[in-house]
Amino acid sequence: MAETEFAEHIYGNVDATQCSNLDEDNVYANQQTITTETRDERKTEGGKFTGGDTTEVKYYRVAVVSLGLLCFLLLAVIMSVGITGTAERDQLRNEIQLQQLMYNNLTQEKDQLQALNTNLTQEKDQLQALNTNLTQEKDQLQANNTDLTQENNKLLGIIRWTCFGSSQYYISSEQKTWADSKQHCMNLGAHLVIIDSEEEQRLIYTQGKRAWIGLSDSETESIWKWVDGKVLGDSGYWMKGEPNDTNGEDCAEILPQKEPLASWNDESCRKEKNYICEKAK
Ligand SMILES: [Ca+2]
Ligand SMILES: [Ca+2]
Ligand SMILES: [Ca+2]
């Protein structure tokens with residue numbers, strides 16, 4: 001029976017005038033009749049419908065429900081696995097990003113260290129070059145010093161010192177004023193000769209030159225003092241009539257052509273004469 005015919009059959013049994021009195025028992029009585037008729041029709045169609053139809057439907061429904069539950073569980077599992085995989089993938093991605101960041105930092109530090117190492121290497125090379133230059137300059141200065149020392153020794157070698165007693169003497173070949181002579185002796189580490197014994201007087205006398213000795217009265221007239229500050233007193237080996245201070249003679253010389261023990265004369269200090277230096281051995 002079609003649905004339209006089925007609906008007409010149901011509501012055809014209901015009298016329009018009885019609608020207000022229609023109760024549920026009448027409706028469901030019609031429905032039960034229709035249901036019985038429907039089952040009878042299904043029973044006659046091909047003979048397939050039997051009295052066990054309700055049990056198969058139940059089994060069918062149970063199977064459908066079970067299959068649905070199974071699908072639901074499978075979907076839940078898939079979603080759970082998907083969520084877990086997504087979380088693990090995110091965590092792995094974060095770890096990769098962190099490792100990449102650390103790698104970048106290490107690479108930058110490595111580059112900085114390489115640059116620093118390059119700078120230090122350059123500074124080391126510069127210091128080594130500077131050290132080499134300084135070493136060469138030091139060697140050159142040492143060589144120059146050696147040359148100067150040798151030249152100084154040669155110059156000193158030209159000055160011939162004569163040893164006597166505890167002293168040694170230098171008789172100059174050049175002539176200077178008394179003051180310049182005194183200064184030159186000091187430059188040689190000596191002083192104008194101080195004659196303080198007869199033996200020394202005789203030695204100086206025999207040197208054979210007219211020369212300045214370290215005696216003067218320039219500070220106080222007639223007070224003769226040696227260059228070390230000692231006063232001569234009444235002693236001395238003056239020539240006869242000397243010192244006479246003619247025109248202000250304040251410096252003493254020795255004249256070898258006179259008597260050995262009477263050979264001193266006072267002279268003008270501005271005159272240039274040979275001179276005799278004395279220093280300790
Ligand atoms: Ca002396
Ligand atoms: Ca004088
Ligand atoms: Ca004189």
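This passage describes the main nonpolar core, the strands that adjoin it and an annotated helical segment in a predicted model.

The largest nonpolar core comprises 21 residues. Within this core, the residues with the most contacts are Leu-192, Val-193, Trp-212, Ile-213, Ile-276 and Cys-277. At least two core residues come from each of the helices and strands α4 (178–187), α5 (198–205), β4 (211–216), β6 (251–259) and β8 (274–280). The greatest contribution is that of β4, which provides four residues.

The surroundings of Val-193 were examined with residues up to four places away in sequence left out of the count. On this basis Val-193 touches Ile-213 and Gly-214, along with Ile-276, Cys-277 and Glu-278. The remaining contacts of Val-193 are Tyr-169 and Ile-204. Ile-213, Ile-276 and Cys-277 are thus listed both as contacts of Val-193 and among the residues with the most contacts inside the core.

Strand pairing was then traced from β4. Strands β4 and β6 run antiparallel and are joined by three bridges. Ala-211 has Ile-254 of β6 as its bridge partner. Strand β6 is in turn linked to β7 (residues 262–267) by five bridges, and this pair also runs antiparallel. Here the partner of Ile-254 is Trp-264 in β7, and Ile-254 is therefore bridged to Ala-211 as well as to Trp-264. A hairpin is formed by β6 and β7, with two residues between them.

A separate segment is annotated in the sequence record. An unreviewed UniProt entry assigns a "transmembrane region" to residues 59–83. In the model, residues 59–83 are 100% helix and 0% strand. The C-alpha atoms at the ends of this segment lie 35 Å apart.

Key:
Residues are numbered from 1 along each chain as its sequence is written. Chains are lettered from A and ligands numbered from 1 in the order in which they are written. This is a predicted model: local features need pLDDT of at least 70, side-chain atom pairs count only at pLDDT 80 or more; totals for chains, interfaces and linings use all residues. A nonpolar core is a set of buried Ala, Val, Leu, Ile, Met, Phe, Trp, Tyr and Cys residues joined through C-beta atoms within 7 Å. A residue is buried if 20 or more other C-beta atoms lie within 10 Å of its own, exposed if 12 or fewer, and partly exposed in between; C-beta atoms are placed from the backbone. Two residues are in contact if their C-beta atoms, placed from the backbone, lie within 7 Å. Two strands pair if DSSP finds at least two bridges between them. UniProt positions are given in the numbering used here, feature names are shortened, and annotations may be inferred rather than shown by experiment.
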